[in-house]
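Let's take a friendly walk through this structure, looking at a couple of helices and some aromatic rings. Have the view open as you read.

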Amino acid sequence: HSRCGNALEQAYSKLTIVMKHPLRIPTSFKEWKEFIREKSTSRKKHNQEVLWDFANAISSEALSNYWRNDISETMVKSVFRMGGNSKLTKMYFEAKKQLK
């Protein structure tokens with residue numbers, strides 16, 4: 001009985017999720033155009049966030065004490081620091097411009 005109840009709960013949960021996020025099917029050219037614009041905008045925003053997280057991960061790793069004997073303080077500040085005129089920040093914004 002509990003397996004059946006558990007399966008029903010899971011099915012109900014999935015149905016509730018589907019009902020909260022109904023599937024929209026574009027039916028006109030205007031709706032298709034809007035649908036494509038929304039998808040490309042959300043994909044670009046997602047890619048920018050992933051790129052930002054990646055750049056921050058590189059910066060955090062370079063700034064960690066693990067590398068203090070291998071990377072000079074000057075190089076850390078001019079290359080790996082996020083913000084200002086660091087090389088990593090410039091590379092991030094250049095890559096961001098190229099996202100489509």
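## Helix α2

A quick definition helps here: the expected span of a helix is 1.5 Å times one less than its number of residues. Keep in mind that we're looking at a predicted model.

With that in hand, take α2: it has 35 residues and reaches 51 Å from its first C-alpha to its last, close to the 51 Å expected. Its buried residues are Ala-55, Ser-59 and Ala-62. What covers them? Among the elements doing that job are α3 and α4.

## Helix α4

Now on to α4, which runs over residues 87–98. This one has twelve residues, and its first and last C-alphas are 17 Å apart, close to the 16 Å expected.

Which residues of α4 are buried? They are Leu-88, Thr-89 and Tyr-92. Looking down the axis of α4, you'd find these buried residues within an arc of 100°, so they line one face of the helix. That buried set packs against α2 (29–63) and α3 (73–80). Over on the other side of α4, Lys-97 and Gln-98 are exposed.

## A ring pair in α2

Time for the aromatic rings. Two numbers describe a pair of them: the distance of the centres and the angle of the planes. Counting pairs whose centres lie within 6.5 Å, the model has three aromatic pairs.

One of them joins Trp-32 and Phe-35 edge-to-face, at 5.8 Å centre to centre and with 90° between the planes. These two sit three residues apart in helix α2, so about one helical turn separates them. In general, an α-helix has 3.6 residues a turn, so residues three or four places apart point the same way. Are Trp-32 and Phe-35 buried or exposed? Trp-32 is partly exposed at 42% relative accessibility, and Phe-35 is also partly exposed, with a relative accessible area of 25%.

## A ring cluster

Another aromatic pair is formed by Tyr-92 and Phe-93. This pair is edge-to-face too, with 4.9 Å centre to centre and 70° between the planes. Tyr-92 has a relative accessible area of 8%, which makes it buried, while Phe-93 comes out at 44% and counts as partly exposed.

Which residues do ring pairs link into a cluster? The members are Trp-52, Tyr-92 and Phe-93. You've met Tyr-92 before: it's one of the buried residues of α4, the set that packs against α2 and α3.

Terms used: Residues numbered from 1 in each chain as written. Predicted model: local features only at pLDDT ≥ 70, side-chain atom pairs only at ≥ 80, totals over all residues. Heavy atoms only, no water. Helix = DSSP H or I, 4+ residues; strand = E, 2+ residues; numbered from the N terminus. Buried < 20%, exposed > 50% of the residue type's maximum accessible area, 1.4 Å probe, protein only. Arc of directions from axis to C-beta. Contact = heavy atoms within 4.5 Å. Phe/Tyr/Trp six-rings, centres within 6.5 Å; stacked < 30°, edge-to-face > 60°.
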